[in-house]
Amino acid sequence: MKLIRVENYKEMSSKAAQLVEQQILDNPHSVLGLATGSTPLGLYEQLIQGVSERGISYRHVQTINLDEYQGLSGDHPNSYRHFMNEKLLGHIDISLENTHIPSGKSLPVEAECQRYEALIDKIGPPHLQMLGMGTNGHIGFNEPGTLETSLTHCVKLEASTRSSNARFFSDRDSVPTHAITMGIQSILKSEQILVLASGKKKAQAVKRFLEGHTSKDFPASFLWKHNHVTLIVDSDAYSLA
Ligand code: GLP
């Protein structure tokens, strides 16, 4: 695993943007694995700027997102589809049909999970997968206890995850109880993985991650099984390591 330490959130975002843009310059037909949450927001701002300021084009790029809340349609303001369109996809020259996110409304959910995993194998796996980390070590929505062999599946969200994500909803009860997420195995299929962590609230998780003990109690630890992972961490997130 490659560790890149930076001072703050802004530097983390710029460094990540450099790596993503280099990937696109190396292969204009890249498949990017995208994440939601507040961690990649600065990265997405930089990528939007990169289109006008550095001439980066997403015309041939495809994107595959990690996860979606179950029960929310793509036009729901709290869906991850809406989030991605607002924060990145609607502001770069990508064709929306080249952007993929699980459908939170498709039933039966098991069929949607199978469809999505088949799609990952067909157009992906991603050349570069971006990841944030939950404070409990979740990646995507793979909560503690998830098996290393998991493919795209439906999960019941932990109370702590629902509470952390409640800030995006009008109240905690509106946070969906379930989600569809790429599994650990689906994520590990990616060629290269870029993990971002910023801020004091991630310090404990970064410390545990860097201990390097693989355990299903801490899903991010399975990333140690992959041979091309880069962690970009700022000084607050690194402060306990
Ligand atoms: C959500 C997402 C994860 C993300 C996590 C961390 O649960 N499903 O993919 O990594 O939040 O969020 P944040 O970046 O806001 O700390």
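**Exercise 1. Determine how strands β9 and β10 are joined, and place them within the sheet.**

Solution.
Step 1. Strand β9 covers residues 192-197 and strand β10 covers residues 229-234; the two run parallel and are joined by five bridges. The model examined here is a predicted one.
Step 2. One position shows the alignment: Leu-196 is found opposite Ile-232 of β10.
Step 3. The two strands belong to an open sheet of seven strands, with parallel pairing and the order β1-β10-β9-β6-β2-β3-β5.
Step 4. At the edges of this sheet stand β1 (2-6) and β5 (99-100), each of which pairs on one side only.

**Exercise 2. Test whether the length of helix α2 agrees with its number of residues, then identify what its buried residues pack against.**

Solution.
Step 1. Helix α2 comprises residues 41-53, which is 13 residues.
Step 2. The expected span is 1.5 Å times one less than the number of residues. For α2 this gives 18 Å, and because its end C-alpha atoms are 18 Å apart, the expectation and the model agree.
Step 3. Buried within α2 are Gly-42, Leu-43, Tyr-44, Gln-46 and Leu-47.
Step 4. These buried residues pack against α1 (9-26), α3 (80-87) and β9.
Step 5. Just after the helix, Gly-55 adopts a positive phi of about 65°.

**Exercise 3. Decide whether Val-61 is buried or exposed, and list the residues that Val-61 touches.**

Solution.
Step 1. Val-61 is located in the loop that lies between α2 and β3 (62-65).
Step 2. A residue is buried if 20 or more other C-beta atoms lie within 10 Å of its own. Val-61 has 23 C-beta neighbours inside 10 Å and therefore counts as buried.
Step 3. Leaving aside residues up to four places away in sequence, Val-61 touches Ile-24, Ser-30, Leu-32, Ile-94 and Asn-98.
Step 4. For Val-61 and Phe-209, the separation is 148 residues in sequence and 31 Å in space, from C-alpha to C-alpha.

**Exercise 4. Describe the surroundings of the ligand and the span that UniProt annotates as a domain.**

Solution.
Step 1. The ligand is surrounded by 14 residues, and the closest are Ala-35, Gly-37, Ser-38, Thr-39 and Gly-132.
Step 2. By class, the shell contains four nonpolar, nine polar and one charged residue.
Step 3. In an unreviewed entry, UniProt lists residues 11-227 as "domain: Glucosamine/galactosamine-6-phosphate isomerase".
Step 4. This span is 34% helix and 14% strand, and its end C-alpha atoms lie 25 Å apart.

Definitions and conventions:
Residues are numbered from 1 along each chain as its sequence is written. This is a predicted model: local features need pLDDT of at least 70, side-chain atom pairs count only at pLDDT 80 or more; totals for chains, interfaces and linings use all residues. UniProt positions are given in the numbering used here, feature names are shortened, and annotations may be inferred rather than shown by experiment. Helices (H or I, at least four residues) and strands (E, at least two) are DSSP runs, numbered from the N terminus. A residue is near a molecule or strand if its C-beta atom, placed from the backbone, lies within 6 Å of it. Ala, Val, Leu, Ile, Met, Phe, Trp, Tyr, Cys and Pro count as nonpolar, Asp, Glu, Lys and Arg as charged, and the others, Gly among them, as polar. Two strands pair if DSSP finds at least two bridges between them. A residue is buried if 20 or more other C-beta atoms lie within 10 Å of its own, exposed if 12 or fewer, and partly exposed in between; C-beta atoms are placed from the backbone. Two residues are in contact if their C-beta atoms, placed from the backbone, lie within 7 Å.
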